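Below is a short briefing on one protein model. Please look over the sequence and coordinates before reading on.

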Amino acid sequence: MKFLLLLVMLTACAASPQDLSGKMFTFPQPTSRAYVRLTTSTHDLSTVTVCHRSFTDLTRDHVLFSLATPSNDNAFLVFWDAAKKEMEVHVKDRAAEFVGKDYKLNMWHSFCTTWDSTTGLAQLWLDGQPSVRKFTSSGSGIGGPLIILLGQEQDSHGGGFDVNQSFVGMTTDVHMWDHILSPCEIHKYMDSLNFTPGNVLNWRALEFQIFDRVLIEDQIMSCH
Ligand SMILES: *[C@@H]1O[C@H](CO)[C@@H](O)[C@H](O)[C@H]1NC(C)=O
Ligand SMILES: [Ca+2]
């Protein structure tokens, strides 16, 4: 009986979402082992918006958001290509490149990326500025068990990490929706005003698992 109770408590603990308002994940070193896995009950996405904030001083390539399915390791990926100085959005292994983004080191940046399987168009908002709308992949949604990671770029479903693509810095306010946010909603997110939290991933009720050295700390934002 005691054992059963403990088991129930452990299961409940692992599954219970946490409110991470005012918190951030700190990734303190380059490694191919440290990451955070985010859990969702959603399996299929035909429209997507993903928003997050991050802070880094990496001058090399790095991952910002990595979602893999069994059939596509870059099912939904936001990635900085340092050599080309472009932000890449990969959807179902098809990339769109966004150049001319003012992605500076040592400051917080807000990202919102949208994609619609009907048109195949992806768009990346950075700090309130929209990008060109570019074609990636259309016709069908992102399906299958989703593995969503922060800190590592997946080259297989939940693995294939490369230390030279790992994220070092801080990440916070991760939200994901199964629809496309209006420009007005995106601005609300970017300005940290009231917005409807994600229904696929919600930073205020986040289910996640930390692997290796990633810390949960109080957010350091500027003082108002
Ligand atoms: C990572 O980059 C360094 C420096 O460019 C290189 O020496 C090393 O082989 C790379 N490691 C991997 C696993 O690619
Ligand atoms: Ca990959």
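The notes that follow cover the sheet, the metal site and the aromatic pairs.

This is a predicted model, in which local features need pLDDT of at least 70, side-chain atom pairs count only at pLDDT 80 or more, and totals for chains, interfaces and linings use all residues. Residues are numbered from 1 along each chain as its sequence is written, chains are lettered from A and ligands numbered from 1 in the order in which they are written, and side-chain values use heavy atoms, with hydrogens and water left out.

**Sheet and helix**

- Helices (H or I, at least four residues) and strands (E, at least two) are DSSP runs, numbered from the N terminus.
- An open sheet of 7 strands is ordered β11-β10-β9-β4-β14-β1-β16, with antiparallel pairing; two strands pair if DSSP finds at least two bridges between them.
- Its edge strands, β11 (134-135) and β16 (215-218), each pair on one side only.
- Strands β4 (residues 47-55) and β9 (residues 109-116) run antiparallel and are joined by 8 bridges; Thr-49 has Thr-114 in β9 as its bridge partner.
- Helix α2 (residues 183-190) lies across β4, β9, β10 (121-126) and β14 (169-177), at about 155° to β9. Axes are lines fitted to C-alpha atoms, for helices over the stretch in contact (heavy atoms within 4.5 Å), and angles run from 0 to 180 degrees between N-to-C directions.

**Calcium site**

- The calcium ion (ligand 2) has as protein donors Asp-73 (OD), Asn-74 (OD1), Glu-153 (OE), Glu-153 (OE), Gln-154 (O) and Asp-155 (OD), 2.2 to 2.8 Å from the ion.
- Donors are N, O and S atoms within 2.8 Å of the metal (3.2 Å for Na, K and Ca); water is not among the atoms, so sites may look incomplete.
- The 6 donor atoms subtend angles of 50 to 160°, which makes the arrangement irregular; six count as octahedral if opposite donors are over 155 degrees apart and all others between 65 and 115.
- Gln-154 is buried at a relative accessible area of 0%, whereas Asp-155 is partly exposed at 46% (buried is under 20%, exposed over 50%, partly exposed in between, with a 1.4 Å probe and protein chains only).

**Aromatic pairs**

- The structure holds 11 aromatic pairs, counted for rings of Phe, Tyr and Trp (its six-membered ring) with centres within 6.5 Å; planes under 30 degrees apart are stacked, over 60 edge-to-face and the rest tilted.
- Phe-25 and Phe-208 have ring centres 5.3 Å apart and planes at 70°, so the pair is edge-to-face.
- Phe-25 lies in strand β1 (residues 23-27) and Phe-208 in strand β15 (residues 208-211), so the pair ties together parts 183 residues apart in sequence.
- Ring pairs link Phe-25, Trp-203 and Phe-208 into a cluster.

Key
Tetrahedral: all angles 85-135°; square planar, octahedral: opposite > 155°, others 65-115°.
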